[in-house]
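Okay everyone, thanks for coming. I'd like to walk you through a few spots in this protein, so have the structure open and rotate along with me.

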Amino acid sequence: MLKRYVYLFEEAKGFTRFELGGKGYGLVEMSAAGLPVPPGFVITTEACREYYRNNGRFPEGLIAQVAEKLRQLEAKTGKRLGDHVRPLLVSVRSGAPYSMPGMMDTILNVGLNDEVVNGLAKSTGNERFAYDAYRRLLQMFGRIVLGVHGEKFEAVLREHKEREGAKHDHELSVGSLKSIIHEFKRIIREHSGREFPQDPWEQIQMAVEAVFRSWNNPRAVEYRRYYKIADDIGTAVNVQVMVFGNLGPDSGTGVGFTRDPSTGEKRLYGEYLPNSQGEDVVAGIRTPMRIDSVDPHLKRRLHEVADLLEKHFKDMQDFEFTVESGQLYILQTRNGKRTAQAAVRIAVDMVREGLITVEEALMRVESKELTHLLYRRLDPRAKIDPIARGLNASPGVATGKVVFDVDEAVQLASRKERVILVRPETTPDDIRGIIASQGVLTSRGGMTSHAAVVTRGMGKPAVVGCESIRIDLEREQFVTESGLVVKKGDVVTIDGSTGYVMLGEVPTVEPEMTEELRTLLRWANEVKRLGIRANADTPEAARKAREFGAEGIGLCRTERMFNAPDRLPIVREMIMAASVEERRRALEKLFPLQLGDFKEIFRAMKGLPVTVRLLDLPLHEFLPPQEVLLTEIYESKLRGVPDEQLAEKTSILKKVEQIKEHNPMIGHRGCRLAVTYPEIYRMQVRAILRAAIEVLREEGETAEVQIMMPQTSMATELAYLRKLVDETAEQVFTEMGTRIHYKFGTMIETPRAALTAAEIARHVDFFSFGTNDLTQTTFAFSRDDAEAKFLAPYLEKGLLKENPFEVLDQEGVGRLVRIATEEGRSSNPRLEVGICGEHGGEPKSIEFFHSAGLNYVSCSPFRIPIARLAAARAALKGKVVQAVTV
């Protein structure tokens, strides 16, 4: 029995979006809900997958099933394919399981040919409409199905508009449209090697195959790579009876959002373009009118549709609609792309409205989206002098060099240069440039144009429809209304929250958490199991971390303090010391500075744990590089500087040569320094514990001190160094006459430490995984070299799915984490286990750490909200959660 691939909308109720694709699923659900949806059918994603498995051949039985469903559509509508009086015309549209706006292809008006167009003109009494529809079919079919470059058609259109003085396509005369059709057919013949197919049935088959092929077009592949969408899920194909928004002034097409996709405000939001068809709105070729300005009757109907859609789908919807001679039709709905700010507000508001639960709200907002809420914004105290203003399509501030070419944007971004992509309007083919840029500026298009929708989904600032600038792509410049010329390479700042465009870089300020975000994160706290701590080395970072909800500091790096300008000379004095006594004298100078550092941090984190990592860096890192010293000495000698004046630099050079290492990452650092230079670490322990006691006396409360030793690999190291720490602590307690509780622990950042965790755990109170170094030592990758030289081709060729320094390698590094956690607790049941590498703020990695049974994750302060939400989402997956207070 042949597999079934094709279903009428009314036959597919109960299928999932992975079978029907997002568009098909929405059409099926809307049809079942009684909304005005033109009839049609869906070819499932399985047919697409089978097409690729068959090396580009339709699966057996598919074409016969499509023919059968077309006959059923003919019976339902009273129209016939190829009929001259009542022709059946259809759209053939893509529809992947995940929303991929504009990345795949759509062909409208399929079924028109030289004879049918004449009949359509007579039956509607509207020649202009009929020939415009045929012109559109030829253009889309030629470009998408037959592979003719789109600019060939656009050049003809421009020529005819200039000849007639027409600004927009819909202003062209019937005579021009007929000439354009003739020229389009010639272009197709000359550039594809075949005639445009006059058989409507052949058109449909070719269009279906073109949609299948579009699953693997470059922009779709790039989009999936950016959003980490699997390549093997395929697209569905939706074949739907055409309705026409270009029949006259009482017709049109539009896009609506049931809530504001930028702010999340509950209001109907969108745009409408009278006397237009299909892709005109989202293409951004004409700037449409706001939905608020439409006819009151249509506006009322759209509000009714928006309410029905939200009640049915229980999420903000992005819907496309067409008005044909006053009759409203809904052509598509999907969960709307939205900014992070909108996502949070919509989730919280929908809980309060009773549409979704708290748990659903937490799962509705992707953790990584919160990154975009924590971007800097324009400093309100700065003097803003905009050179232009457009539509505030996607919020946030972006600064970069003006670039007009997509390939150039990609090239500059690969060199770590910030760019702003400037285009008349963006198309799906520009996706690589959008990904590479900091933000996007267009002179045409509206709030639902391609640029607006895609940048909002990516969290990139965008200003669109900035009609006050004239873009000259040939000269690579744009000119403002005041005559200011902005050329390629000039730096501009765009503010997607206000629509302002400014010359140069504009001051920005730190972000603030909204009331809705605080509410969402409060719900997250009541659900999550993992503790969330911060990596913070300064009082300012500690205070910011606490503001964002950190439950302590999981990593306070002390080498950052050593590098401060006021103490680096003392650190160098300590390194240059010729004896232990000289070194101790230098350390005594450092002691009050370290004491002050720790007091401020402990004061900011009163009542919470603070894990201080003792010195980790090798000593040569605090001295000038050897090549710099050699150059300075050589140039000084050329200038005739006497040797005695170069004695200090010469001495430092000798010390650098003495202590430099071939591979410092696994050299004389961390606990190895503590064994050979114990006086450095005794000074640090004294400063830590004395600071905690002084804060306790001054404030009545202090931080919970945790002292952490880096780079250990053996239990014998920890036994030796614990003794050093405990002896120093007893001296401090005796001197101060006060005793406080502290914990001693180690970083697990070498494979040997992970594999011998049971032995190591007997000597410590906690483990903290340093997953940055653990990843380097497990893979034998130097991060800087790997990312600069070979990680990109590894990712492109599929040898690695993700950068292991950004997303935890669960199979290798993750296995070491599990081994160390389980075996460490087997010998020390009270062992606390956390992670303080960059992976502590990455959502996928956090989910793994939750499943591995860690107690906490630690990350940078601005990733605290992300980690809180990710920890809650991890707890919700596969777990029934107790009711949470709203």
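**Helices, cysteines and a few odd phi angles**

H2 and H8 are roughly perpendicular to each other. That label comes from their axes, which cross at roughly 80 degrees and come within 10 Å. The residues making that contact are Ala-47, Cys-48, Tyr-51 and Tyr-52 on the H2 side, with Glu-209, Phe-212 and Arg-213 on the H8 side. Before I go on, please keep in mind that this is a predicted model.

Let's stay with H2, which runs over residues 45-53. Which of its residues are buried? They are Thr-45, Glu-46, Ala-47, Cys-48, Glu-50 and Tyr-51. And what do those buried residues pack against? H8 (200-214) is one of the partners, along with helix H1 (17-32), strand S2 (40-43), helix H3 (62-77) and strand S5 (236-241). Just after H2 you'll find Asn-55, with a positive phi of about 60 degrees.

Now compare that crossing with another pair, H5 at residues 127-145 and H6 at residues 150-164. Their axes sit 8 Å apart, at an angle of about 155 degrees. Anything over 145 counts as roughly antiparallel, so that is what we call H5 and H6. If you want to click on the contact, pick Arg-135, Leu-138, Gln-139, Gly-142 and Arg-143 in H5. Across from them, in H6, are Gly-150, Phe-153, Glu-154 and Leu-157.

Next, scroll way down to H32, residues 813-827. It has 15 residues and spans 22 Å from first C-alpha to last, close to the expected 21 Å. Buried here are Val-813, Gly-814, Leu-816, Val-817, Ala-820, Thr-821 and Gly-824. Why do they end up on the same side of H32? Because they cover an arc of only 155 degrees around the axis. Remember your helix geometry: with 3.6 residues a turn, residues three or four places apart point the same way. Flip H32 over and you get Arg-815, Glu-822 and Ser-826, which are exposed on the other side.

The buried residues of H32 have plenty to pack against. On the helix list are H27 (751-755), H28 (757-761), H29 (771-779) and H33 (843-851). Two strands join in as well, S29 (766-769) and S30 (832-835).

Okay, cysteines, since somebody always asks. How many disulfides are there in this model? The count is zero. Take Cys-836: its nearest cysteine sulfur belongs to Cys-859 and is 11 Å away. For a disulfide we'd want the two sulfurs within 2.5 Å, so Cys-836 is in none. Cys-836 is also buried, at 3% relative accessibility. Cys-466 is buried too, with a relative accessible area of 0%.

Last stop, two more positive phi angles. Glu-476 has phi near 55 degrees, and it isn't a glycine. You'll find Glu-476 in the loop between strand S18 (469-472) and strand S19 (477-480). Gln-711 is another non-glycine with a positive phi, this one about 65 degrees. Its loop runs between strand S27 (704-709) and helix H26 (715-736).

So, buried or exposed, where does Gln-711 fall? Gln-711 is buried, at 3% relative accessibility. Glu-476, on the other hand, is partly exposed, with a relative accessible area of 25%.

That's my tour. Happy to take questions.

Methods: Residues are numbered from 1 along each chain as its sequence is written. This is a predicted model: local features need pLDDT of at least 70, side-chain atom pairs count only at pLDDT 80 or more; totals for chains, interfaces and linings use all residues. Side-chain values use heavy atoms; hydrogens and water are left out. Helices (H or I, at least four residues) and strands (E, at least two) are DSSP runs, numbered from the N terminus. The expected span of a helix is 1.5 Å times one less than its number of residues. Buried means under 20% relative accessible area, exposed over 50%, partly exposed in between (1.4 Å probe, protein chains only). The arc is that of the directions from the helix axis to the C-beta atoms. Contact means heavy atoms within 4.5 Å. Axes are lines fitted to C-alpha atoms, for helices over the stretch in contact, and angles run from 0 to 180 degrees between N-to-C directions. Angles under 35 degrees count as roughly parallel, over 145 as roughly antiparallel, 65 to 115 as roughly perpendicular and the rest as oblique.
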